[in-house]
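Reader: I should like to go through the terms applied to this model and see what each one rests on. Please set every value against its definition.

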Amino acid sequence: MTRFRQRLLAFARNSGESEALPNKVFLARKPNMSWPYNHAEVEAVASDAGYSVVYLNRLAVAHQIAIMAHAKRIVGPTGSAFANSIVAGAGAKLLELCSSARSDKIEDWYAPLADIAGAKFSITDSTYID
């Protein structure tokens, strides 16, 4: 997996990605996806805290990788966007927000990917994600 990570990072570097990248990222999802959350409220809180609200699924793969590799803090509701943890920067901190109503169904699937990247992955129940 380490070699796979290195290949992904090289792919993003070679893509010519030159846009300014955020240090703090909130991984948003469009409404009506699985694991819904109260979008407007949660995204406003994230934005007020200085996080850039990012919809990774709307971006080219190289841009997704570049954002995740550059960010120092990554937060978002539980979901597959955290599969990108494998390309997080060493020392980055990732926080997966889970609904307290669904916390019994949450597993730390993405923590091993963050470990490969040298990042710290945490999960918390959140009253905002309900």
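Reader: What covers the buried residues of α3?

Author: The cover includes α1 (2-13), β1 (24-27), β2 (52-54), β3 and β4. Contact here means heavy atoms within 4.5 Å, and helices (H or I, at least four residues) and strands (E, at least two) are DSSP runs, numbered from the N terminus. This is a predicted model, in which local features need pLDDT of at least 70 and side-chain atom pairs count only at pLDDT 80 or more, while totals for chains, interfaces and linings use all residues. Residues are numbered from 1 along each chain as its sequence is written, and side-chain values use heavy atoms, with hydrogens and water left out.

Reader: Why is helix α3 called largely enclosed?

Author: Of the 10 residues of α3 (residues 61-70), 7 are buried, so the helix is largely enclosed by the rest of the structure. Buried means under 20% relative accessible area, exposed over 50%, partly exposed in between (1.4 Å probe, protein chains only). The buried residues are Ala 62, His 63, Gln 64, Ile 65, Ala 66, Ile 67 and Met 68.

Reader: What makes Ser 85 buried?

Author: Its relative accessible area is 0%, so Ser 85 meets the definition of buried. Ser 85 lies in the loop between β3 (73-77) and β4 (93-99), and the residues it touches include Met 68, Leu 94, Tyr 110 and Phe 121.

Reader: How do you know that Phe 82 and Phe 121 form an aromatic pair, and what makes it edge-to-face?

Author: A search of the whole structure finds 2 aromatic pairs. In one of them, Phe 82 and Phe 121 lie 5.6 Å centre to centre, with 90 degrees between the planes. Rings of Phe, Tyr and Trp (its six-membered ring) pair if their centres lie within 6.5 Å; planes under 30 degrees apart count as stacked, over 60 as edge-to-face and the rest as tilted. The pair therefore counts as edge-to-face. Phe 82 lies in the loop between β3 and β4 and Phe 121 in strand β5, so the pair ties together parts that are 39 residues apart in sequence. Both Phe 82 and Phe 121 are buried.

Reader: Which residues touch the most other members of the largest nonpolar core?

Author: Among its 25 residues, these are Ile 74 and Leu 94. Such a core is a set of buried Ala, Val, Leu, Ile, Met, Phe, Trp, Tyr and Cys residues joined through side-chain atoms within 4.5 Å. The largest share, 4 residues, comes from α4.

Note on methods. Lists of a residue's contacts leave out its neighbours within four places in sequence.
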